[in-house]
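Student: I am new to this structure and would welcome a guided reading by question and answer. Please begin with a single residue.

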Amino acid sequence: MDKNTPKRVLFIDRDGTIIKEPPNDFQIDSLEKLEFIPGAITNLNRIAKHLDFEMAMVTNQDGLGTSSFPEDTFWPAQNKMLDTLKGEGIEFSNIHIDRSFPEDNAPTRKPRTGLLEEYFSDQYDMPGSFVIGDRITDIELAKNLGCRGILVKSTHEGLALLQEKGLTEICPLCTEDWEEIAGFLFQQERTATVERNTSETKIKVELNLDGTGTCQIDTGLGFFDHMLEQIGRHSGCDLKIEVKGDLQVDEHHTIEDTALALGEAFKKALGDKRGIERYGFSLPMDDCMAHVALDFGGRPWLVWKTKFKREQVGDLPTEMFHHFFKSFSDAAAANLYIKAKGKNEHHKIEGIFKALARSIKAAIKKDYLNDQLPSTKGTL
């Protein structure tokens with residue numbers, strides 16, 4: 001990460017989130033009481049290894065340092081927990097412990113932010129940060145910090161609490177499963193924004209590989225918009241494309257540069273490609289068969305086995321489709337094999353775009369718990 005880029009933070013609760021909380025006195029005051037939540041260590045390791053979050057522990061320890069919770073009973077278990085996590089590559093940049101009792105209403109006690117004032121600065125990206133904890137006060141803390149929360153509770157119990165407190169928009173995930181938490185945080189990475197500005201076109205592409213197929217597209221070319229929408233809708237990717245091109249000249253620059261920006265967006269959003277399926281293919285449409293084989297393997301290549309009988313469909317010259325897919329292949333560093341046969345040219349072209357979308361959907365599917373590259377070379 002660039003040193004000038006604001007840092008995202010995971011504010012992680014301790015008891016009930018990383019380690020189990022005793023149900024009677026709620027104090028981990030001996031080594032015998034220290035027990036990790038299943039999956040916490042493995043998935044925190046994945047997060048620390050592959051994502052760029054800074055980790056901070058934020059925990060309320062009622063009356064720590066008083067006769068009700070002497071310090072010499074707290075630190076052995078705390079230090080053992082930290083040493084265990086450090087041995088697995090999990091370290092916290094800061095550990096924030098509030099020692100007050102609930103009735104003190106201290107400004108440092110969650111969900112208040114008195115312990116965390118340093119994070120209200122340009123050095124930190126609060127909208128991109130998360131609070132992870134097992135109590136509704138952790139989600140209230142997320143709201144007060146201006147970030148989002150992950151509630152470590154069963155979905156049924158957690159959603160009821162969130163609805164009661166009006167916090168559903170703050171908390172996009174409610175689960176007791178650390179694998180789901182890690183998967184959700186990894187999903188946040190599969191986005192890209194590409195801007196391409198030249199004397200001929202001004203283009204902005206926003207892509208989310210793990211979306212719902214929501215599209216907002218405006219290139220100035222109606223048929224082109226319709227085809228690009230097929231890519232988003234049928235791949236399940238959220239896709240926003242804004243183009244201002246020199247259409248007073250012709251369509252060439254708009255189509256070519258959009259393909260280059262879109263291909264670059266896929267390349268960026270795929271990241272290191274660990275855990276993806278990598279390959280995908282094909283589709284019939286009415287009178288035609290469109291076949292698209294795709295490989296996000298890191299090398300561009302296009303095989304084009306399609307001919308058109310008309311020079312134009314809608315407001316697009318048919319010769320530009322080969323150029324679109326060649327440009328997309330180059331920028332995405334992907335192999336494309338495209339073949340289509342049929343009588344209706346509109347169906348043939350739309351079939352190709354839909355087949356590309358379904359190929360993309362298959363190829364970008366990712367197992368978030370798999371760190372392996374889909375390659376025997378060890379690189380893509």
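Student: Does A333 count as buried or exposed?
Tutor: Buried means under 20% relative accessible area, exposed over 50%, and partly exposed in between, with a 1.4 Å probe and protein chains only. The relative accessibility of A333 is 5%. By that value, A333 counts as buried.

Student: What is left out of side-chain values?
Tutor: This is a predicted model, in which local features need pLDDT of at least 70 and side-chain atom pairs count only at pLDDT 80 or more, whereas totals for chains, interfaces and linings use all residues. Residues are numbered from 1 along each chain as its sequence is written, and side-chain values use heavy atoms, leaving out hydrogens and water.

Student: Where is A333 placed, and what is its phi near?
Tutor: A333 lies in the loop between α8 (319–332) and β17. Such helices (H or I, at least four residues) and strands (E, at least two) are DSSP runs, numbered from the N terminus. Most residues other than glycine have a negative phi. For A333, which is not glycine, phi is positive and near 55°.

Student: In strand β17, which side chains point to the buried face?
Tutor: In a regular strand the side chains alternate between the two faces of the sheet. Strand β17 (residues 335–341) shows such alternation: N335, Y337, K339 and K341 point to one face and are not buried. Pointing to the other face, and buried, are L336, I338 and A340.

Student: Which strand pairs with β17 in the antiparallel sense?
Tutor: Two strands pair if DSSP finds at least two bridges between them. Strand β14 (residues 301–305) pairs with β17 in the parallel sense over 5 bridges, and V303 stands opposite Y337 there. In the antiparallel sense, H291 stands opposite K339, and the 7 bridges come from strand β13 (residues 288–295).

Student: How many residues does the largest nonpolar core have?
Tutor: A nonpolar core is a set of buried Ala, Val, Leu, Ile, Met, Phe, Trp, Tyr and Cys residues joined through side-chain atoms within 4.5 Å. L336 is among the residues with the most contacts inside the largest core, as is I360. Contact means heavy atoms within 4.5 Å; leaving aside neighbours within four places in sequence, I360 is in contact with residues including F266, F296 and F328. The size of this largest core is 53 residues.

Student: How many residues does the second core have?
Tutor: This second core is separate. Its members include F36, I150, W178 and F186, and W178 is also among the buried residues of α5. The number of residues in this core is 31.

Student: How many of the residues of α5 are buried?
Tutor: Helix α5 is mostly covered, and what covers its buried residues includes β1, α1 (40–50), β4, β5 and β6. E179, also placed in α5, counts as partly exposed because its relative accessibility is 41%. Of the 10 residues of α5, the buried ones number 7.

Student: Which residue makes a polar contact with the side chain of R190?
Tutor: R190 is in the loop between α5 (178–187) and β7 (191–197), and it counts as buried because its relative accessibility is 3%. A polar contact is a pair of N or O atoms within 3.5 Å; within protein, one must be able to donate a hydrogen and the other to accept it, and residues adjacent in sequence count only if both atoms are side-chain atoms. At 2.9 Å, the contact of the R190 side chain is with the side chain of D210.

Student: Which are the edge strands of the open sheet of 6 strands?
Tutor: The order of this sheet is β3-β2-β1-β4-β5-β6, with parallel pairing. Each edge strand pairs on one side only. The edge strands are β3 (94–98) and β6 (173–174).

Student: About what angle does helix α3 make with β5?
Tutor: Helix α3 (residues 136–145) packs on the sheet, touching β1 (9–12), β2 (54–60), β4 (130–133) and β5. Axes are lines fitted to C-alpha atoms, for helices over the stretch in contact, and angles run from 0 to 180 degrees between N-to-C directions. The direction of α3 makes with that of β5 an angle of about 170°.

Student: Which peptide bond is cis?
Tutor: Most peptide bonds are trans. P111 is found in the loop between β3 and β4, and its peptide bond has omega near 15°. The cis bond runs from K110 to P111.
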